[in-house]
Amino acid sequence: VRIDDSGDEMRYFYLETIRQYARDRLFEAGEGSRARDVQFHYFAQMANTGFDGSLLSAGYAMPTEHLEEDMDNLRAALDWGIGADPTAAIDLLRFLSPLWTTHGLGIELMHRARAADEALAELPPAGDRDMITRRRARAFALTIFAMGTGTSGGSEEAFAATQEAETLFREDGSLPGSLADLLFWRAILGIEIGRADEYAAAQETYEIGLTLGDQVLQQIGLIAMARWALVRDDTAAAAAHLAAARELRVKHELPILITSQADAEAMSAWAVGDFDAARRALAEGAVALRQAHHRLFANVIDSEIGHTLRQTGDLAGAAEIYSATIVEWQDLGHRAAVANQLECFSFIALEEEQLARAAQLFGAAETLRDALSSRMTPEERKVYEANVAELREGLAPAALQEAWETGRGLDMDAAIELA
């Protein structure tokens, strides 16, 4: 037996050979299923303790950090629970989803949510009460799927899942906090995929927060409203929404909220040319996210800092940051973000008059986006089109096409090395 006393509590581990031997004897004795049931229900009980239903509300507490040490046990418990009791497995997966996105496990979250949804569909018909429970579980599974997919770059697929889940939540009518979670994700995803307008989803998030007396939901609704006001080029409305969000003086530790506020504050400052204010907002967000040990959202903020440096002419500083963030995006499996970073390196190459290299990087980014059906945000599209137009003016058509096609033929590793 190995002992680990480095944390707050003593933990014991079998040597691997002994663990495998004990596992084999357990299954030979016909006790394997019972042991797995006990393990699953031990963890599932956490999802039923002090959880009011909304992941973004003031009542939600991030799972305690010691669960990070139990990731393998949680995976085993969830995989068993999805087959044995998919409804309870979805409750547990939903409760843990912020912790998993903290560790950049969005793709894993997506796959387990899909497996649980499929397991629900295979259950035999049941009475009215059980069917209501199953429909709620399916709405939760779709929400989890949207979180996992959206934080891994699959914004189009994630947005479609939010639409389906919204229908289920509205038919149920008894889960306003969960509906608010979903509407917030829908509003943010709508920006990422260039939807015509999802301001109404952001506004309804805020209104549900008012109805429930939940200031966290009010704040995230205002932040999402500010983001959509910026999409509409209404900087005055964006500033008013952000001021109202600050006046709530809500203190929270959820990384998605820290990131959303820092991002919105920075974008609002960018819109009026106040890059110093943008850097301050992002720096504060970066500190908070590193304290929360959140890889994915910390990389979001680092990328935004790189964008700010690029926009203010510090190309070397921006390239240094992008060199770190693009590798992290690749490691996190966020291919849409890798494409965006390749485009940012293209902008820098264009500024430095490396026109053929810029064209190759644009081609490599285009290949990634085509494979993902990944759209740019309206803000990204404006910058992209302006830079491509400048490139077309500076490079002969034949040379541009040749370099662009060379870039399209690069795999991700080769494209990142070129960047």
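Modeller: Helices are DSSP runs of H or I with at least four residues, strands are runs of E with at least two, and both are numbered from the N terminus. Before we use this, note that the model is predicted: local features need pLDDT of at least 70, side-chain atom pairs count only at pLDDT 80 or more, and totals for chains, interfaces and linings use all residues. Residues are numbered from 1 along each chain as its sequence is written, and side-chain values use heavy atoms, with hydrogens and water left out.

Biologist: Where does Asp 233 lie with respect to the helices?

Modeller: Asp 233 is in the loop that runs between helix H10 (215-231) and helix H11 (235-247). Its phi is near 65 degrees, which is a positive value in a residue other than glycine. Glu 353 also has phi near 65 degrees, again positive and again not in a glycine. That residue belongs to the loop between helix H16 (335-351) and H17.

Biologist: Are Asp 233 and Glu 353 buried or exposed?

Modeller: Buried means under 20% relative accessible area, exposed means over 50%, and partly exposed is in between (1.4 Å probe, protein chains only). Asp 233 has 53% relative accessibility, so it counts as exposed. Glu 353 has 68%, so it is exposed as well.

Biologist: Which charged residues count as buried?

Modeller: Among them are Asp 263 at 8% relative accessibility, Arg 134 at 17% and Glu 265 at 18%. Asp 263 is in helix H12, and Glu 265 is found in H12 too. Arg 134 has its place in helix H6. The C-alpha atoms of Arg 134 and Pro 176 are 17 Å apart, with their positions 42 residues apart along the chain.

Biologist: What polar contacts do the side chains of Asp 263 and Glu 265 make?

Modeller: A polar contact is a pair of N or O atoms within 3.5 Å; within protein, one must be able to donate a hydrogen and the other to accept it, and residues adjacent in sequence count only if both atoms are side-chain atoms. The side chain of Asp 263 is joined to that of Arg 227 by a contact of 3.4 Å. For Glu 265, the side-chain partner is Arg 246, at 2.6 Å.

Biologist: How many cavities does the structure hold?

Modeller: Rolling a probe the size of a water molecule over the atoms shows where empty space is left. On a 1 Å grid over the protein atoms alone, a cavity is a set of points where a 1.4 Å probe fits but cannot get out, and lining residues have an atom within 4 Å of a point. Grid points are joined across faces, edges and corners, and a volume is the space filled by probe spheres set on the points. The structure has two cavities of 30 Å³ or more.

Biologist: What lines the largest cavity?

Modeller: The largest cavity holds about 120 Å³ of space. Its lining includes Leu 55, Pro 98, Met 147, Trp 185, His 294 and Phe 297. Helix H4 (86-102) and helix H12 (255-271) each give at least two residues to this lining.

Biologist: And which residues line the second largest cavity?

Modeller: This cavity has about 50 Å³ of space. Among its lining residues are Leu 55, Arg 94, Phe 140, Met 147, Asp 181 and Trp 185. Helix H6 (128-150) and helix H8 (176-192) are the elements that supply two or more of the lining residues.

Biologist: How are aromatic pairs read, and how many are there?

Modeller: A pair of aromatic rings is described by the distance of the centres and the angle of the planes. Rings of Phe, Tyr and Trp (its six-membered ring) pair if their centres lie within 6.5 Å; planes under 30 degrees apart count as stacked, over 60 as edge-to-face and the rest as tilted. By this rule there are seven aromatic pairs. One of them is Phe 362 with Tyr 384: the centres are 5.4 Å apart and the planes at 90 degrees, so this pair is edge-to-face. Phe 362 is in helix H17 (residues 355-372) and Tyr 384 in helix H18 (residues 378-394), so the pair ties together parts 22 residues apart in sequence. Phe 362 is buried, with a relative accessible area of 1%. Phe 362 also pairs with Trp 404: these centres are 5.7 Å apart and the planes at 20 degrees, so this pair is stacked. Trp 404 lies in helix H19 (residues 397-408), 42 residues from Phe 362. Ring pairs link Phe 347, Phe 362, Tyr 384 and Trp 404 into a cluster.

Note on methods. On a 1 Å grid over the protein atoms alone, a cavity is a set of points where a 1.4 Å probe fits but cannot get out, and a pocket is an open set with protein on both sides within 12 Å along at least five of seven lines; lining residues have an atom within 4 Å of a point.
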